[in-house]
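The following note is intended for a colleague who is meeting this structure for the first time. Please read the numbered points with the sequence and the model in view.

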Amino acid sequence: MKKLFFIIGLVGLVSLSVSGQKKRELTTQVSVDYTLPKISYDVVITMECSRLIPGPFRQYAEQQLGVSPEITSEGEEWMIKNIKFIPRALPDPKASYTVNAVGEYNSILLNVTPEGFLAGVGSGSTNQTRDEEIVYEEKEKSVGTGINYVYFGIRSTQKEVLDSNFTEMEVEGEMRRVWDPIERHVLKENKDYVDEITSEIFNIRKKRLELLAGGSATAEALKALDELEANYMSLFMGKRETREVVKTISFVPEKADESIVLFRFSANDGITAKNNVSAIPYIVELKNIYVPKKDAQQAGNSRPVPSLSYREPAVADLCLLKGKETVMTVRSVIPQLGFIKQFPLDVINNEGISIDFYPQYGSIKGIMKK
């Protein structure tokens with residue numbers, strides 16, 4: 001991350017250490033802008049969605065196999081697997097400032113990040129904001145493609161039928177009508193497939209038993225038989241297709257002791273509208289907030305002096321609630337709920353000190369004497 005250095009003043013043209021020499025006058029105003037950050041949270045919700053697919057032959061499950069189908073109608077089942085709060089430092093438009101150099105001045109070195117956050121004063125600091133790589137798009141990972149009832153391609157989709165046909169033939173000197181069947185093929189019907197698939201299921205079970213009894217069963221062979229039987233059984237029992245869905249919601253704390261509904265969740269529909277009162281609300285609350293005390297002298301100072309603004313951030317418990325149940329609590333630094341203070345530029349200049357800041361919070365990291 002590149003550093004932007006802004007030097008207020010001209011160094012080396014006139015020695016300021018010479019006794020009695022006047023400081024150089026700046027006739028053209030020079031200024032640099034910087035901003036203090038506020039913390040926003042990317043709330044990343046990872047969900048699992050199971051699509052319920054009823055078997056096409058579920059009505060034959062009791063008759064053919066003596067079992068009741070597990071899935072009888074189409075639908076979805078949603079479940080939340082994970083929720084993460086990822087902090088991000090954003091420029092606070094309410095906390096933007098300008099440092100000006102005009103008139104008599106001394107050299108001051110400012111270190112500003114590419115986002116415009118103040119990183120250091122008179123220090124050449126290498127502080128950097130943290131870059132979080134976050135994927136914002138929704139991603140879906142599908143497993144399975146439904147119940148394909150091409151019936152695994154092991155038997156023909158046609159069956160042979162015989163049509164009645166009578167032919168005039170001479171039998172023992174007499175002409176008689178004799179039945180002469182005509183063979184033809186037609187597409188199988190559902191009941192034909194049901195009978196074949198039922199037969200295959202029992203053949204698989206018989207094969208498995210023979211392998212186990214003969215001691216020749218291998219893990220790979222048993223696994224293959226199990227998968228084949230499961231595929232056939234899904235035509236009667238139904239199946240689930242599972243995919244992973246990730247959604248991101250932005251949350252910016254604005255005031256102390258607030259309670260905000262982030263989203264509502266339904267086991268049938270996943271994340272729903274916030275006004276859907278039939279769904280479970282997921283609420284974020286800020287509790288146990290610690291806010292540093294304001295400096296009374298600074299707060300009451302009516303004479304503005306050239307200063308640098310910085311944060312005294314607040315610290316709070318960020319609580320996530322599922323309805324009334326607390327499911328997560330994290331102690332967090334929330335700079336925008338704290339106070340903004342000023343550090344006079346003449347103190348930095350005259351005392352020869354340098355200051356490092358936490359760019360993502362706008363707070364002081366350290367003060368050093370040069």
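1. An aromatic cluster. Tyr 41, Phe 85 and Phe 251 together form one aromatic cluster. The model in which this cluster appears is a predicted one. Within the cluster, the rings of Tyr 41 and Phe 251 have centres 6.3 Å apart and planes at 20 degrees. The pair is classed as stacked because planes under 30 degrees apart count as such. Tyr 41 belongs to strand β2 and Phe 251 to strand β11, so that the pair links distant parts of the chain, 210 residues apart. Both Tyr 41 and Phe 251 are buried.

2. A second aromatic pair. The structure holds seven aromatic pairs. One of these joins Tyr 34 and Tyr 97, whose ring centres are 5.8 Å apart and whose planes lie at 35 degrees, so the pair is tilted. Here too distant parts of the chain are linked, with Tyr 34 in strand β2 and Tyr 97 in strand β3, 63 residues apart. Are the two partners buried or exposed? Tyr 34 has a relative accessibility of 3% and therefore counts as buried, whereas Tyr 97, at 23%, is partly exposed.

3. A charge over a ring. Arg 205 places its charged end over the ring of Phe 202, at 5.4 Å from the ring centre.

4. The chain as a whole. The secondary structure consists of five helices and 18 strands. The chain has 370 residues, and 36% of them are buried. Its accessible surface amounts to about 22300 Å², with carbon and sulfur atoms contributing 50%. Among contacts with a separation of 6 or more, 74% are between residues 24 or more positions apart.

5. The largest nonpolar core. Which residues have the most contacts inside the largest nonpolar core? They are Ile 83, Phe 85 and Leu 262, in a core of 23 residues. At least two residues of this core are supplied by each of β2 (25–53), β3 (75–104), β11 (239–251), β12 (259–266), β14 (280–290), β15 (307–322) and β16 (325–344). The largest share, six residues, comes from β2. Phe 85 thus appears both in this core and in the aromatic cluster of the opening point.

6. Contacts of Ile 83, and a separate core. When neighbours within four places in sequence are left aside, Ile 83 is in contact with Val 43, Val 44, Ile 45, Phe 263, Tyr 282, Leu 320 and Met 328. A second, separate core has 18 residues, and among them are Val 32, Tyr 34, Ile 348 and Phe 357. Tyr 34 is also a partner in the tilted pair with Tyr 97.

7. Thr 46. This residue is located in strand β2. Its relative accessible area is 15%, and Thr 46 is therefore buried, the limit being under 20%. Which residues are in contact with Thr 46, leaving aside its neighbours within four places in sequence? The contacts are Met 79, Ile 80, Lys 81, Asn 82, Glu 244, Val 245 and Val 246. For Glu 244, which is 198 residues away along the chain from Thr 46, the separation of the two C-alpha atoms is 7.1 Å.

8. The β15–β16 hairpin. Strands β15 and β16 pair in the antiparallel sense over 15 bridges. In this pairing, Val 315 stands opposite Val 333 in β16. The two strands form a hairpin with two residues between them, and Gly 323 in the turn has a positive phi of about 70 degrees.

9. Asn 288. A positive phi of about 50 degrees is also found at Asn 288, although this residue is not a glycine. Asn 288 lies in strand β14. Is Asn 288 buried or exposed? With a relative accessible area of 55%, Asn 288 is exposed, because the class begins over 50%.

10. Val 178. Strand β9 (residues 174–179) contains Val 178. The relative accessible area of Val 178 is 27%, so this residue is partly exposed. The C-alpha atoms of Val 178 and Glu 168 are separated by 6.2 Å, the two residues being 10 residues apart along the chain.

Terms used
Residues are numbered from 1 along each chain as its sequence is written. This is a predicted model: local features need pLDDT of at least 70, side-chain atom pairs count only at pLDDT 80 or more; totals for chains, interfaces and linings use all residues. Side-chain values use heavy atoms; hydrogens and water are left out. Helices (H or I, at least four residues) and strands (E, at least two) are DSSP runs, numbered from the N terminus. Buried means under 20% relative accessible area, exposed over 50%, partly exposed in between (1.4 Å probe, protein chains only). A nonpolar core is a set of buried Ala, Val, Leu, Ile, Met, Phe, Trp, Tyr and Cys residues joined through side-chain atoms within 4.5 Å. Contact means heavy atoms within 4.5 Å. Accessible areas come from the Shrake-Rupley method with a 1.4 Å probe; for residues, only the protein chains shown count as cover. Rings of Phe, Tyr and Trp (its six-membered ring) pair if their centres lie within 6.5 Å; planes under 30 degrees apart count as stacked, over 60 as edge-to-face and the rest as tilted. A charge sits over a ring if NZ of Lys or CZ of Arg is within 6 Å of the ring centre and within 35 degrees of the ring normal. Two strands pair if DSSP finds at least two bridges between them.
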